Amino acid sequence: SKNPHINFYMSSFIGCLFLITNFFFNSDTGRNDTRHSVKTTPTASEIASLFGITRFWVLTLFVMGSFSLYQVYDQQLFPNFYTSFFAQDGSGFKIYGYLNSFQVFL
């Protein structure tokens, strides 16, 4: 049987890679670059040009993939963990349902 926690380990590893990537990322533009000192609102064509950048799609897939792995772990394994604190599974699932509903409305 496969380890049910492998989703968590994989997403944690990917999250660590993301953290390291952000930590060592160095922009090509200098901090004293006067071209970027005036902030302007991006135009529709500039926003549309973003979708043609390959690195944007790689980052998007990376973030969505790691997020979905965490979601699977959270939705499938956490309720079982939480209900283990109660004497009866039924009351644990009932309280977890209340907490989950409260979180949605919050």
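Helix α5 makes the biggest contribution to the lining of the second largest pocket, supplying four residues. The structure discussed here is a predicted model, and this pocket is a handy way into it. Its volume comes to about 190 Å³. Around it sit Gln71, Asp74, Gln75, Phe78, Tyr96, Leu99, Asn100 and Gln103. Two elements, α3 and α5 (89-105), each give two or more residues to that lining. In chemical terms the wall is a mix: four of the lining residues are polar, three are nonpolar and one is charged.

Stepping back to the overall fold, the protein has five helices and zero strands. Read from the N terminus, the order of elements is simply α-α-α-α-α. The chain has 106 residues, and buried ones account for 11% of them.

Helix α3, which spans residues 54-76, turns up again on the outside of the protein. There, a nonpolar patch is formed by Ile6, Phe8, Tyr9, Met10 and Tyr70, and together these side chains put about 470 Å² of accessible area on the surface. Most of the patch comes from helix α1 (residues 6-24), which gives four residues. Tyrosine 70, for its part, is located in helix α3. This tyrosine counts as partly exposed because its relative accessibility is 35%, a value that falls between the 20% limit for buried and the 50% limit for exposed.

Two pairs of residues show how parts of the chain that are far apart in sequence come together in space. One pair is glycine 15 and tyrosine 70: 55 residues separate them in sequence, yet their C-alpha atoms are 9.8 Å apart. Glycine 15 belongs to helix α1, and with a relative accessible area of 30% it is partly exposed. The pair thus links a position in α1 with one in α3.

The other pair is serine 68 and asparagine 7, which are 61 residues apart along the sequence and 9.6 Å apart from C-alpha to C-alpha. Serine 68 sits in helix α3. At 35% relative accessibility, serine 68 is classed as partly exposed.

Taken together, helix α3 has a part in several of these features. Tyrosine 70 of the nonpolar patch lies in this helix, serine 68 is found there too, and α3 is one of the elements giving two or more residues to the lining of the second largest pocket.

Note on methods. Residues are numbered from 1 along each chain as its sequence is written. This is a predicted model: local features need pLDDT of at least 70, side-chain atom pairs count only at pLDDT 80 or more; totals for chains, interfaces and linings use all residues. Side-chain values use heavy atoms; hydrogens and water are left out. Patches are made of residues with over 30% relative accessible area and no salt bridge: like charges are joined within 9 Å, nonpolar side chains (Val, Leu, Ile, Met, Phe, Trp, Tyr) within 5 Å. Accessible areas come from the Shrake-Rupley method with a 1.4 Å probe; for residues, only the protein chains shown count as cover. A salt bridge is a side-chain nitrogen of Lys or Arg within 4 Å of a carboxyl oxygen of Asp or Glu. Buried means under 20% relative accessible area, exposed over 50%, partly exposed in between (1.4 Å probe, protein chains only). On a 1 Å grid over the protein atoms alone, a cavity is a set of points where a 1.4 Å probe fits but cannot get out, and a pocket is an open set with protein on both sides within 12 Å along at least five of seven lines; lining residues have an atom within 4 Å of a point. Grid points are joined across faces, edges and corners, and a volume is the space filled by probe spheres set on the points. Ala, Val, Leu, Ile, Met, Phe, Trp, Tyr, Cys and Pro count as nonpolar, Asp, Glu, Lys and Arg as charged, and the others, Gly among them, as polar.
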